[in-house]
Each structure stands twice: as C-alpha cells, then as structure tokens.
Amino acid sequence: MSADITEMILDDHDWFRRQFLHLADLREQPDEAEKVWNSLAIQLEIHASAEEQHFYPSMARRIDDEDASATEDAVGDHDEIREGTEKARQATVGSQEWWDAIDETDQANNHHMAEEERDDLAPFRKGTSLAFRQELGAKFEQFKVEHAEGRGLSFEEKDPEKYVEAVTS
C-alpha cells in the first residue's frame, strides 16, 4: 500500500526544516555546510517538481477559483525558493552572499510550507479519498526515484498562471 501524498509532503517538510537547522549549526564549517546545502537544494527542487507534477494538478482540477489561485501561489512560492537556490549557486561557498541566499531560501520555503500545510493539504485531505491520495503518493514517490539527485529536472522557474492554465485545460 502506498503512502498518502499529503503525508509524504509533510515528511519532506519536516526533513527540510531539520536540514536548515543543521545548516545554521555549520556557519563556521563551510565545507560541511556546502555538502548539506547541495543535497538540500536538490531535494527542494525534486520536491517542488514532484508537487507540480502530481499534487497541484489534482488540486487545481477540483477547480474553483480558490484552488486555482492557491496553486498559482504555490508555484510562485516554488519559484522564490528556486531564486534563492540559484543565488546560492552563483555565490562563493561560505561567503556572506552565499549564507544570505540560503537564508532567503529558508524564509521562502518556510512561508511556502506553512501556507501549504494550512491552506492546501488539509482541504485536499478532506476533499479526496484515501485511495486517491495513495495513488498520488505512489506517483509522487516514483517521480522522486526517477529524478534522484535532480536527474532530468530543469531547476527553472515556471510562470504560475501558465502552469495552472496548462494543468487545468
């Protein structure tokens, strides 16, 4: 039996929070911080792309205007996270610019996770069956396996309006 996609998303959120906390402890150890950050940045993209492939289309298709705007907002949040990871990629590891980009990513990610947990996951659970959430969970997990280490992902921002239009038409 597959896991419920909403539980899988929450498990990822917990892992992200722990990784950002771990990074905060590594401010004086840039080599170790770089290893943690590189893994975290890739996992953030895998998670966002998996949500955009399997969670948000299902949410947006239930379409009332609220679900469409929540989906646009979530994809916009993913883009803010992508901007932060790109800034970190461009900066010198261990520099203030690098840490600032990581902090920016952490803030964008915390904002996104809080909103998603409050406004998206709970209503989605209420409005869908466990069997459907497990079906999506299997697809979510398969996506993460297929794209391990970020394989095949573009890491590029998406236009939230065009994304919603594409997944709902």
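Let's start at histidine 78: once we set aside neighbours within four places in sequence, histidine 78 is in contact with Ala48, Glu51, Glu52, Tyr56 and His112. Keep in mind as you look around that this is a predicted model.

Where does this histidine sit? Histidine 78 belongs to helix α3, which covers residues 65-90. Is histidine 78 buried or exposed? Its relative accessible area is 2%, and because buried means under 20%, histidine 78 counts as buried. One of the residues it touches, Glu52, deserves a second look: the side chains of histidine 78 and glutamate 52 are joined by a polar contact of 2.7 Å.

For a contrast, go to alanine 24, which you'll find in helix α1. With a relative accessibility of 44%, alanine 24 is classed as partly exposed. If you go from alanine 24 to valine 75, you cover 51 residues in sequence, and the two C-alpha atoms lie 26 Å apart in space.

Now let's stay with helix α1 and see how it packs. In general, a pair of packed helices is described by the angle between their axes and the distance between those axes. Helix α1 (residues 5-24) packs against helix α5 (residues 130-146) at an angle of about 45°, and their axes are 7 Å apart. That angle is why α1 is called oblique to α5. On the α1 side, the contact is made by Ile5, Thr6, Met8, Ile9 and Asp12, while α5 brings Arg133, Leu136, Gly137, Phe140, Glu141 and Lys144. Sorted by class, the contact between α1 and α5 has five nonpolar, two polar and four charged residues.

Ile5 is a handy guide to what comes next. Leaving out residues up to four places away in sequence, isoleucine 5 touches His54, Phe55, Phe124, Arg133, Leu136, Gly137 and Phe140. So what is the role of Ile5 and Phe55 in the largest nonpolar core? They are the residues with the most contacts inside that core, which has 21 residues. Two or more of its residues come from each of α1, α2 (30-61), α3, α4 (96-127), α5 and α6 (160-168). Helix α2 gives the largest share, with six residues.

That isn't the end of the story, though. There is also a second, separate core, made of 19 residues, and among them are Phe16, Leu23, Trp37 and Met113.

Key:
Residues numbered from 1 in each chain as written. Predicted model: local features only at pLDDT ≥ 70, side-chain atom pairs only at ≥ 80, totals over all residues. Heavy atoms only, no water. Helix = DSSP H or I, 4+ residues; strand = E, 2+ residues; numbered from the N terminus. Buried < 20%, exposed > 50% of the residue type's maximum accessible area, 1.4 Å probe, protein only. Polar contact = N/O pair within 3.5 Å; in protein donor to acceptor, adjacent residues only side chain to side chain. Contact = heavy atoms within 4.5 Å. Axes fitted to C-alpha atoms, helices over the stretch in contact; angles between N-to-C directions. Parallel < 35°, antiparallel > 145°, perpendicular 65-115°, else oblique. Nonpolar A, V, L, I, M, F, W, Y, C, P; charged D, E, K, R; others polar. Core = buried A, V, L, I, M, F, W, Y, C linked by side-chain atoms within 4.5 Å.
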